[in-house]
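Student: Please walk me through why certain features here get the labels they do. I would like to see the reasoning behind each one.

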Protein chains: 2
Amino acid sequence: MRKFSVGVDFGTLSGRAVMVDVSNGEEVAVAVHEYTHGVMDEKLPDGTPLGVDWALQHPQDYLDVFHITIPQVMKLASVSPEQIVGVGIDFTACTMLPVEADGTPLCFLDKYKNRPNAWVKLWKHHSAQDEANKLNAIAKKRGEKFLSRYGGKISSEWLIPKIWQTVDEDPEIYDAAARFIEAADWVIWQLTGIETRNTCTAGYKAIWHKHDGYPSNEFFKALHPKMENLVDEKLSQHLLPVGTKAGTISAAAAKLTGLKEGTAVAVANVDAHVSIPAVGITSSGKMLAIIGTSTCHMLLGDIEKEVPGMCGVVEDGIIEGFFGYEAGQSCVGDHFQWFVENCSPAEYKAEAEHRKTDLYALLTEKASALKPGESGLVALDWWNGNRSVLVDVDLTGMMLGMTLATKPEEIYRALIEATAYGTRMIIDTFEENGVPVKEFYAAGGIAEKNPFVMQIYADVINREIKISGSPQTPALGSAMFGAVAAGKKAGGFDTIQEAAAAMAKVRDYTYKPIPPNVAAYKKLYAEYKILHDYFGRGANDVMKRLKDIKKEVRG
Amino acid sequence: MRKFSVGVDFGTLSGRAVMVDVSNGEEVAVAVHEYTHGVMDEKLPDGTPLGVDWALQHPQDYLDVFHITIPQVMKLASVSPEQIVGVGIDFTACTMLPVEADGTPLCFLDKYKNRPNAWVKLWKHHSAQDEANKLNAIAKKRGEKFLSRYGGKISSEWLIPKIWQTVDEDPEIYDAAARFIEAADWVIWQLTGIETRNTCTAGYKAIWHKHDGYPSNEFFKALHPKMENLVDEKLSQHLLPVGTKAGTISAAAAKLTGLKEGTAVAVANVDAHVSIPAVGITSSGKMLAIIGTSTCHMLLGDIEKEVPGMCGVVEDGIIEGFFGYEAGQSCVGDHFQWFVENCSPAEYKAEAEHRKTDLYALLTEKASALKPGESGLVALDWWNGNRSVLVDVDLTGMMLGMTLATKPEEIYRALIEATAYGTRMIIDTFEENGVPVKEFYAAGGIAEKNPFVMQIYADVINREIKISGSPQTPALGSAMFGAVAAGKKAGGFDTIQEAAAAMAKVRDYTYKPIPPNVAAYKKLYAEYKILHDYFGRGANDVMKRLKDIKKEVRG
């Protein structure tokens, strides 16, 4: 009898289940459910208006994903519940909510459903920026050593600023919350009936460290007196490493999902991080970049090092037994989209329409015909600030080398190259700080669909690039963790390494560096680096001064 | 009886005559003749092909301008030859040709008409670049002091490189040429029957100095042995200051033009320089900028100073008794055109079409709504290199401050502002080197037609800007010099100052600096200056290195 595992990937707008054959990783069925409430950024379901930069979700949508997509993939693949050895999930993060002691979301209660802070705050909920700024200032003043594990800054997207916002704005909700929990862990609770917490979101988003734990009660007290005992009262010190079993499908969850009661359920995981074993990475020295509108870089290391500008380093955060490093570029696909929308001439649009293609394809075709260095352009990829390695949201874009003969496709290519230089800067910074990057893998929309961009990346970083073999990389990774939760005896695997050996997938072709391009990009990257350091490390803070002037003028 | 003067302005594609009332400067008639042969940049009239960067003209076209336009303005204005006291002309420069001793162009002779070097080399003939490079290297090595009068570099557009090209490529033509002469002086020769040379083209284009004369025979010998006696044999040591009389209309010229034999003819002049008195400038401290595709800045000074990066300083070069300073920006309107053609999105084009306007007007409207500093952008206006004050064709464009919210009109405005900063840099450099700029005047297409750009200039340079009152500024200036050639007794004027008092024109409104804008631009210009010096004065020669890489790649 074939054995399967189900991976469920909770994205920003929808959730999808994938049915995967544990013997070979074949994805035999996929089902998607768009969240009924999507991203709530203007009002609550009852019409209560939301402030600027709010982004909430409805927990019922997550339950609906289980209820709709799991039965659907079983039906599509003609797989019986007995054939399913395990379930794993991955989620966006930090996406968090306040719940009662039994796991009931506060927003499900009539008395709180018109209170914005009672709902799920999505990863891109940005209205806790003030709290994040204050938190960073206090941590810096107190000399909290955790700061250095996060590139010197805690993001407004993470757990503690989001909780603090609740204390500030609606202390009654804070008091009513028995728990603040990642949605990732909450959905696992709904499957198993047991509260668990995973080391991945705790480490990357909740300032938790395997040996040092959470920040001290004194630190939390310094944020707000009410928060002094936050950890003991509303979080959990009991964390399970990713790759372990959270529990089994409860009777209620069996009814919800159609799965068999007692089916193994893996500890929750994060969409980016769960992708690592899905491409076959289970040891140190291999970086995975998920390249889409922005890029997330993950890398396993054998020891804990402080690398400037990374987004976090977490022991057991990605694969048990390794230090999981994360870095990021805040503007990649967004960059190209900005250019296409704002700077492509009408003549090109007409040509694209005439040839029944789109502007991206046309610009790619024209830019492909150029050789590295032929345009004479170099850009700094900071249109949305710089995450790694400078951790500075106030940096802005720069381009130079333009002449009266400069064409749009040259600018387009220079923007792509700039993001590749940004990736190389991250790789070099890891290596210079004792965390080797021997191999490079890529997943995500751009990695999968844009050979032109990927070849430039291979040439710039001078490394062969392997591409994820699955169009559903996170869901595949989740299914692998489901199979590991089941264990070998139940038809799964005892370790993620074994699961990866059987189920992980990369495409059968790779992008290999082309030597003359590598040589040209070596020279161009040297120029990028000089400009990167000049504008990014304080020699000329013109970008910040211009931002200050801009703010002043806009009032 | 009303008295008139005729000004004839020889441009790149056409010549125009203007009939001007000497009592008040009223332009009573204009006639234009498009050159039949235009700019010959691919082949000679007989089909002989031309090389890359050639740009020739046909002398017959100039004669046709006299023959067609002068009778036409007399007819249009119902002015009789007796009413015309004088004639003046202005020309593009350096536009030069080889002629026989009687003034016959070599290209008029059957035996030479298929020889490219026998024709008129237009100002923008650029194929003598090799000769210019060698000339500069030799002059530098020899420590020729004339270099500093020209910002350290002799342009390939000027007289000596163009002559040297003839020596290199077609020595027989060099030998056959009794004279090499500016077309400006040649057309005066055709009117008067007498060879004269003017101090303006000699000083700005032929390395002539009022006290030092031309470079030495040794220098010319170092260029090429054949050129040792160039000055004595083929140029002229006898130069007349602008503002003097070259002669009178000959019998032949009377027949050609319909003018009365004996009518006074002014010494030749250059289109830009002749515009100075046309806006009323006849004393030191007043700068005129002619702002079009590129910008030419002229300024009168009381003493000779070496100002870094100017295009030339010539005693009596603009107004007798003053040192005429020239500077330039190589890319102004061209800049804006590049942006409109290459970087305006289809959506804007559609909006412009829908509103029955054009992209320039639409971008201007949108950019006008922005306040200084609001975009957070700053650019270096070097898309076509930098003429003044850096004199470096290998510099390229730069822009910074872009975010994902940056709009096309913000970029457009930043490009306009960058050219204004470039103008301010020129003004400041003159002032810092002892040549005061107390007043600022503007003429040319952009000055006349673009109030949005001119207000930005006024705000950036923090000076009131007066605009030329004539749509034919050079022709008006030429007519004024024609009236001065005639003299007061004949119904003209004895000095250009008197002519200017009666005939010069500025518009009745000016652009006045707006204090809050001035304050904002002061800060932004400080940022421009830091970047200007960083990229332009050797701290980071990235632009040149990128150009080198580009050349290498393009092969």
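Tutor: Happy to! One definition to begin: strands are DSSP runs of at least two residues, helices are runs of at least four, and both are numbered from the N terminus. Keep in mind, too, that this is a predicted model.

Student: Where is B:Val389 found in chain B?

Tutor: B:Val389 sits in the loop between strand E16 (378–380) and strand E17 (397–402) of chain B. The peptide bond leading to B:Val389 from B:Ser388 is cis, with omega near 10 degrees. Chain A has a cis bond joining A:Ser388 and A:Val389, with omega about 10 degrees.

Student: What makes a cis bond worth pointing out?

Tutor: Most peptide bonds are trans, and most residues other than glycine have a negative phi. On that second point, look at B:Ile207: its phi is near 60 degrees, a positive value in a residue other than glycine. B:Ile207 lies in the loop between helix H6 (199–205) and helix H7 (217–223) of chain B.

Student: How do you know whether B:Ile207 is buried or exposed?

Tutor: Buried means under 20% relative accessible area. B:Ile207 has 1% relative accessibility, so it counts as buried.

Student: And A:Lys356, buried or exposed?

Tutor: The cut-off for exposed is over 50%. A:Lys356 is at 76% relative accessibility, so it counts as exposed. Its phi is positive as well, near 55 degrees, and it lies in the loop between helix H12 (346–354) and helix H13 (359–368) of chain A.

Student: Why are H19(A) and H19(B) called roughly parallel or roughly antiparallel to each other?

Tutor: The axes of helix H19 (residues 515–536) of chain A and helix H19 (residues 515–536) of chain B come within 14 Å and cross at roughly 150 degrees. Angles over 145 count as roughly antiparallel, so H19(A) and H19(B) are roughly antiparallel to each other.

Student: Which residues meet between H19(A) and H19(B)?

Tutor: A:Ile530, A:Leu531, A:Tyr534 and A:Phe535 meet B:Ile530, B:Leu531, B:Tyr534 and B:Phe535. By class, that contact has 8 nonpolar, no polar and no charged residues.

Student: What makes H1(B) oblique to H5(B)?

Tutor: The axes of helix H1 (residues 59–77) and helix H5 (residues 183–192) of chain B come within 11 Å and cross at roughly 50 degrees. Roughly parallel needs an angle under 35 degrees and roughly perpendicular one of 65 to 115, so H1(B) is oblique to H5(B). Their crossing is right-handed, and by class their contact has 8 nonpolar, 1 polar and no charged residues.

Notes:
Residues are numbered from 1 along each chain as its sequence is written. Chains are lettered from A and ligands numbered from 1 in the order in which they are written. This is a predicted model: local features need pLDDT of at least 70, side-chain atom pairs count only at pLDDT 80 or more; totals for chains, interfaces and linings use all residues. Side-chain values use heavy atoms; hydrogens and water are left out. Buried means under 20% relative accessible area, exposed over 50%, partly exposed in between (1.4 Å probe, protein chains only). Axes are lines fitted to C-alpha atoms, for helices over the stretch in contact, and angles run from 0 to 180 degrees between N-to-C directions. A crossing is left-handed if the near helix is turned anticlockwise from the far one by less than a right angle, and right-handed if clockwise. Ala, Val, Leu, Ile, Met, Phe, Trp, Tyr, Cys and Pro count as nonpolar, Asp, Glu, Lys and Arg as charged, and the others, Gly among them, as polar. Contact means heavy atoms within 4.5 Å.
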